Amino acid sequence: MYSFSLNSPKYKSNVPQHNLLSVMMIPTLVCLVTTIFKSNFCWSLITSFLFTLLAFLAFSLNYWLVPGGFAWRKYHNRYKHHAKLRGPMGWPILGTLPEMGSLAHRKLADMATSLNAKRLMALSFGTNPVVISSHPETAREILCGSGFVDRPVKESARMLMFERAIGFAPYGTYWRHLRRVATTHMFSPRRISDMENLRQRVIDEMMTRTWKEMKNKGMVEVRNILHEGSLSNMLESVFGVDNSLSSKTKDVLGDMVMEGYDLIAKFNWEDYFPFRFLDFHGVKRRCHKLATKVNNVVGQLVEERKKHGNYIGQHDFLGTLLSLPEEEMIGESDVVAILWEMIFRGTDTVSILLEWIIAMLVLHQDVQTKAREEIDMCINTNRHVRDSDILNLPYLQAIVKEVLRLHPPGPLLSWARLATHDVHVDKVVVRAGTTAMVNMWAISHDESIWEDPWAFKPERFIKEDVSIMGSDMRLAPFGAGRRVCPGKTLGLATVHLWLAELLRHFIWAPVQPVDLSECLNLSLQMKNPLRCQVIRRYNTTP
Ligand code: HEM
């Protein structure tokens, strides 16, 4: 369906596209008139209906048959003499939307390869024009240039208040202010190191649960443990360790986060068509309900803290936001939105990545043993792993990089970018309002970039030190440029520390064949939750 490009012989047909309609219309009209004269009235009605239908189809085809699909029609008319983009025609009206879904990253990678459009491919998502890069050079142009600094806002994200938080806030003064506050008070090296004790306590709790589950059930459901640990870690970073939330509040917040993931991942026609009655799944109604709940629950926590007035000198994010100097103060509803965003973004990314890592280590026992030997060499048994130990664990870091390469939590870099003005990418004009995505999964599986790209070989990162923080587009799982993930250092610090502890205390073994099938919702997670067995290495394990 999508093997159609500007160079295809079909496209180079001698019949100009604009004349297609008139060419089809002439025989239609001739037939119509003849039929009306020759046969009885009923037949003439049926035939005229059929011919009108044919003419309509011809018109639709004429509109739809452009590379990239019909959202690119105006573009092709306007830039007739410019270099053009390749892309699938997609379906009438829907464009390439039917190809998206739980394996969109793979389908888009296949399309780009078959159309020879890795550098840049044009698509239509309903009426929205989209470009997608599967190449490091154009990925850099999109992520690091000044053209794509906004994000297309999904209706669900807007309703769930994310438009007032960092991730979806339009690029500008407000976004810069939020980002500066978060970078200084939530993601700074000092703050990450202040939270080391918290990360250690949470991993102790997770290990206790792991062992208890192993003893009780004979196997461990890794996902739940990781998710709850990650949620607990984010909640305490945001609301403070000393201001412990009741377990009921924690449960309510956990449920709200899960509901939010479900809603953001839901397909909503209104995101792709300019009509306000296409919400067939009731996403808006559910979002409205959830946003009210978030405002109540998080808003109440903010209120309580204000009432106690004990936030001065406290190091949690809420305390910091409330004690900002007057000129930097953020409005109360925006405080709620930012806190909610931190919990929302920080929870699943970390737990999903760890689940993939453990799955790969269960499958590759040799890699697991080697990582454990490295840890045993550096850290003695009667103390916690510390953030500062991670520098001495290059193999462990290489494992994390290799899993980020093979199973990036955001294979399409999760949140797309939106062109704020007309911009050149790869010498082609991309118009303001176009959505841009980078298929990081395609780049990190590209045979022309990576040797043996499908194999799990952490050693490749020992041979060559590839930065994953956004400077090297061969592997940029946290994005790059002005909207690069601000939580990348915190996320990696958490994953490294927890992984080192999990490997030091347990041997991870399969309980059933490990199924590496993927499912892309907001993040790319394992389709079937990982179940495995653990063997305890020390009796002292928490
Ligand atoms: C393994 C962990 C993580 C991964 C793989 C990840 C990945 C990403 C990616 C791909 C983006 C889009 C970047 C771009 O457009 O260039 C992003 C943005 C973002 N991430 Fe992360 N992330 C992780 C952890 C976190 C954590 C722990 C937090 C917060 C606690 C966080 C908060 C955010 C925010 C607020 C944005 C939006 C930035 C903006 O638009 O200015 N992330 N992340």
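The following exercises, each with a worked solution, concern a predicted model of one protein chain.

**Exercise 1. The chain as a whole**

Determine how many helices and strands the chain has, and what share of its residues count as buried.

*Solution.* Begin with the secondary structure: the chain has 19 helices and eleven strands. Next, consider burial: 42% of the 542 residues count as buried. Finally, turn to the contacts between residues at least 6 apart in sequence: 72% of these join residues at least 24 apart.

**Exercise 2. The sheet of four strands**

Establish the order of the strands in the open sheet of four strands, and identify the strands that stand at its edges.

*Solution.* Step one is the order, which reads β1-β2-β7-β4, with mixed pairing. Step two concerns the edges: β1 (121-125) and β4 (417-418) each have a single partner strand, so one side of each is left without a neighbour in the sheet.

Step three examines one pair in detail. β1 and strand β2 (residues 128-133) run antiparallel and are joined by five bridges. Within this pair, M121 has I132 of β2 as its bridge partner.

Step four adds a helix to the picture. Helix α5 (residues 136-144) lies across β2, β4 and β7 (435-438). The direction of α5 makes an angle of about 130° with β7.

**Exercise 3. The sheet of three strands**

Describe the open sheet of three strands: its order, its edges, and the bridges that join its strands.

*Solution.* First, the order is β3-β11-β8, and the pairing is antiparallel. The edge strands are β3 and β8, each of which pairs on one side only. Helix α14 packs on this sheet and touches β8 and β11. The direction of α14 makes about 75° with that of β8.

Second, take the bridges of β11 with each partner in turn. Strand β3 (residues 220-221) is joined to strand β11 (residues 531-536) by two bridges. In this pairing, V220 has C532 of β11 as its bridge partner. Strand β8 (residues 506-510) is joined to β11 by five bridges. Here W508 has V534 of β11 as its bridge partner.

**Exercise 4. The surroundings of the ligand**

State how many residues surround the ligand, which of them are closest, and which helix gives the most to the shell.

*Solution.* Start with the count: 27 residues surround the ligand. The closest are G346, G479, C485, G487 and G491. Then sort the shell by class: 15 residues are nonpolar, eight are polar and four are charged.

Next, assign residues to helices. Both α14 (332-363) and α19 supply at least two residues of the shell. Helix α14 gives the most, with seven residues. Helix α14 is also the helix that packs on the sheet of Exercise 3.

**Exercise 5. The residue C485**

Locate C485 in the chain, and explain why C485 counts as buried.

*Solution.* First, find the position: C485 is in the loop between α18 (460-463) and α19 (488-505). Second, apply the cut-off, which is 20 or more other C-beta atoms within 10 Å. C485 has 23 C-beta neighbours inside 10 Å, and therefore counts as buried.

Third, list the contacts. Leaving aside residues up to four places away in sequence, C485 touches F478 and G479. Both G479 and C485 are among the residues closest to the ligand. Finally, consult the record: an unreviewed UniProt entry carries the annotation "binding site" for C485.

Methods: Residues are numbered from 1 along each chain as its sequence is written. This is a predicted model: local features need pLDDT of at least 70, side-chain atom pairs count only at pLDDT 80 or more; totals for chains, interfaces and linings use all residues. Two strands pair if DSSP finds at least two bridges between them. UniProt positions are given in the numbering used here, feature names are shortened, and annotations may be inferred rather than shown by experiment. A residue is buried if 20 or more other C-beta atoms lie within 10 Å of its own, exposed if 12 or fewer, and partly exposed in between; C-beta atoms are placed from the backbone. Two residues are in contact if their C-beta atoms, placed from the backbone, lie within 7 Å. A residue is near a molecule or strand if its C-beta atom, placed from the backbone, lies within 6 Å of it. Ala, Val, Leu, Ile, Met, Phe, Trp, Tyr, Cys and Pro count as nonpolar, Asp, Glu, Lys and Arg as charged, and the others, Gly among them, as polar. Axes are lines fitted to C-alpha atoms, for helices over the stretch in contact, and angles run from 0 to 180 degrees between N-to-C directions.
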